[in-house]
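Here are a few exercises to work through with the model open beside you. Try each task before reading its solution.

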Amino acid sequence: MAVGVLTHESPRAPTVTGGDLTRGRWRLVVAAVLVQLALGSVYAWSVFNKPLQAQFGWSKAQAVLPFEVALGTIFLGSLLGGRLQDRYGPRPVALTGGVLYSLGILLASRVSDASQLWLLVLTYGVLGGIGLGAAYITPIAMLAKWFPDKRGLIVGVAVGGFGFGAVLTAPVAKALLAGASNKPGVFLPLGLAYLVAVLAGASWFRNPPEGYTVRGFSPVRTGKAAAPPQAAYTLGQALRTPQWYLLTGILALNTACGIALVSQAADAAQELAGASVATASVFVGVMGLFNGAGRILWASLSDRLGRMRACLGMLSLQALAFLVLPHTGTFWLFAVLSAVIYLCYGGGFGVMPATAADFFGTRNAGAIYGAMIVAWSIGGVLGPLATALMYEASGRRYTLPFTIIGITAALSLLLPLLTRPPRPSGEQPGRQHASPTPGGLGNAPGRVEGAA
């Protein structure tokens, strides 16, 4: 059933005709998940480490370099893509980002000898990472606009697709690698599959029309605060608020703690819980399910508990789990604690996009949350690096790094306690509003007087 007839692809004010405009919005969720499943394949990189080391004689550090560069450049793509989608709409940006990501994977298949590590870094890492960032941020910003009534849940479903991407990709990549003489050659069929998925999904993307509302939904009645459209922040205005930096800090710390285990999961399972190599491999795949599920679970909970309470919950559970993890001794307890950490790690990516939209409005959500993705790059590099350095410094034991990470997560609880929604004043683009009511830890981050 048609959502409406759009006269052109515009991010702001297309002409719309038709009945209930919310009827077709669930198609956009399916399209967004399809795109995110393709993009989430980046988390399956560990499957390539040992085959690349065996074929080219690379060290472990060399083998993971393309993945680290991809994480580091995601921020560049999300920042640029977020700003462009706010201006031109989600479809062209998602299509361009998806094509760049797929092209990077396809070109990575041209690597054929040990001297071409630079080519793998350039194609998979730089080109793929920038394209991934641009395509990743777009459906998040788009769905936040279509689902003001279920913002946390729907954004969580979208980024949950990203978390599940590695679960689907890893076994396929393993099967392809087993029969390949030139291991990078498997990037060719994988890249083609990603290209089909992102083109099929992103071609459906579009923003809601100007003045779009959901029948029966009122942020004031439900207690779910959202910045009113006429008071929406630009990226520049958001960057001049302390709240943007507090939210970015929360996401960076949550990411750094969680990905510290993600980067060491197989080795830690063997050392701390006595798991076999085969069991550890299966364990890593199963944990990927919790990464994806956490994005949906915590995002949904944040709709009910409040965004900052959800952040407090994620950091508290990670702190407790990391402090106990080095002393488990049994695999079942290690697995349970690891599942909790994975749930909380994924949860940060589910909760924060909705939080940014609550605090700063949805009109420029792509640019504002796109800039926040720098937290992913920072946490994605510092977490594994700090863990590896502390592991080596402590005599190749996980007690010190996991204990320090647990303490870090506990200290991080201060940030959600300090974070409240920005007061709409000063250079706010819309008309003046009364200050939001306090309650950043309540059922909503606070509300603005007169919010629609």
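**Exercise 1.** Is asparagine 49 buried or exposed? Keep in mind that this is a predicted model.

*Solution.* Start by locating the residue: asparagine 49 belongs to helix 2, which covers residues 46–56. Next, take its relative accessible area, which is 13%. Buried means under 20%, so asparagine 49 counts as buried. Now look at its partners. Its side chain forms a polar contact of 3.0 Å with the side chain of tryptophan 45. Beyond four places in sequence, asparagine 49 touches Ala63 and Val64.

**Exercise 2.** Describe the setting of serine 109, beginning with the element that holds it.

*Solution.* Serine 109 sits in the loop that links helix 4 (90–108) to helix 5 (117–146). With a relative accessible area of 14%, this loop residue is buried. For a polar partner, look to leucine 106: its backbone oxygen is 2.5 Å from a polar atom of the serine 109 side chain. Then set aside neighbours within four places in sequence, and the contacts of serine 109 are Asn182, Pro184, Gly185, Phe187 and Leu188.

**Exercise 3.** Work out how helix 12 and helix 13 pack, and which residues meet.

*Solution.* First the geometry: helix 12 (residues 277–305) and helix 13 (residues 307–324) have axes 7 Å apart and an angle of about 130° between them. That angle makes helix 12 oblique to helix 13. The crossing of the two is right-handed. Next, list the residues. Helix 12 brings Trp298, Ala299, Ser302, Asp303 and Leu305, while helix 13 brings Arg307, Arg309, Ala310, Gly313, Met314 and Leu317. Sorted by type, the residues of this contact are six nonpolar, two polar and three charged.

**Exercise 4.** Do the same for helix 10 and helix 16: at what angle do they cross, and how many charged residues take part?

*Solution.* Helix 10 (residues 242–262) and helix 16 (residues 374–393) cross at roughly 35°, and their axes come within 7 Å. The crossing is right-handed. On the helix 10 side you will find Trp244, Thr248, Leu251, Ala252, Thr255, Ala256, Ile259 and Ala260. They meet Val374, Ala375, Trp376, Gly379, Gly380, Gly383, Pro384 and Thr387 of helix 16. By type, the contact holds ten nonpolar residues, six polar and no charged.

**Exercise 5.** Which residues does glycine 347 contact, leaving aside neighbours within four places in sequence?

*Solution.* Glycine 347 lies in helix 14 (residues 331–360). Its relative accessibility is 0%, so it counts as buried. The contacts are Gly294, Arg295, Trp298 and Met314. Two of these names are familiar from Exercise 3: Trp298 in helix 12 and Met314 in helix 13. For a distance across the sequence, take threonine 255: it is 92 residues from glycine 347, yet the two C-alpha atoms are 9.6 Å apart.

**Exercise 6.** What is the phi of arginine 396, and where does the residue lie?

*Solution.* Begin with the background: most residues other than glycine have a negative phi. Arginine 396, though not a glycine, has a positive phi of about 60°. Its place is the loop between helix 16 and helix 17 (399–411). At 49% relative accessible area, arginine 396 is partly exposed.

**Exercise 7.** Finish with the whole chain: how many helices and strands does it have?

*Solution.* The count is 18 helices and zero strands. Of the 452 residues, 57% count as buried. Finally, among contacts between residues at least 6 apart in sequence, 82% join residues at least 24 apart.

Terms used: Residues are numbered from 1 along each chain as its sequence is written. This is a predicted model: local features need pLDDT of at least 70, side-chain atom pairs count only at pLDDT 80 or more; totals for chains, interfaces and linings use all residues. Side-chain values use heavy atoms; hydrogens and water are left out. Axes are lines fitted to C-alpha atoms, for helices over the stretch in contact, and angles run from 0 to 180 degrees between N-to-C directions. Helices (H or I, at least four residues) and strands (E, at least two) are DSSP runs, numbered from the N terminus. Angles under 35 degrees count as roughly parallel, over 145 as roughly antiparallel, 65 to 115 as roughly perpendicular and the rest as oblique. A crossing is left-handed if the near helix is turned anticlockwise from the far one by less than a right angle, and right-handed if clockwise. Contact means heavy atoms within 4.5 Å. Ala, Val, Leu, Ile, Met, Phe, Trp, Tyr, Cys and Pro count as nonpolar, Asp, Glu, Lys and Arg as charged, and the others, Gly among them, as polar. Buried means under 20% relative accessible area, exposed over 50%, partly exposed in between (1.4 Å probe, protein chains only). A polar contact is a pair of N or O atoms within 3.5 Å; within protein, one must be able to donate a hydrogen and the other to accept it, and residues adjacent in sequence count only if both atoms are side-chain atoms.
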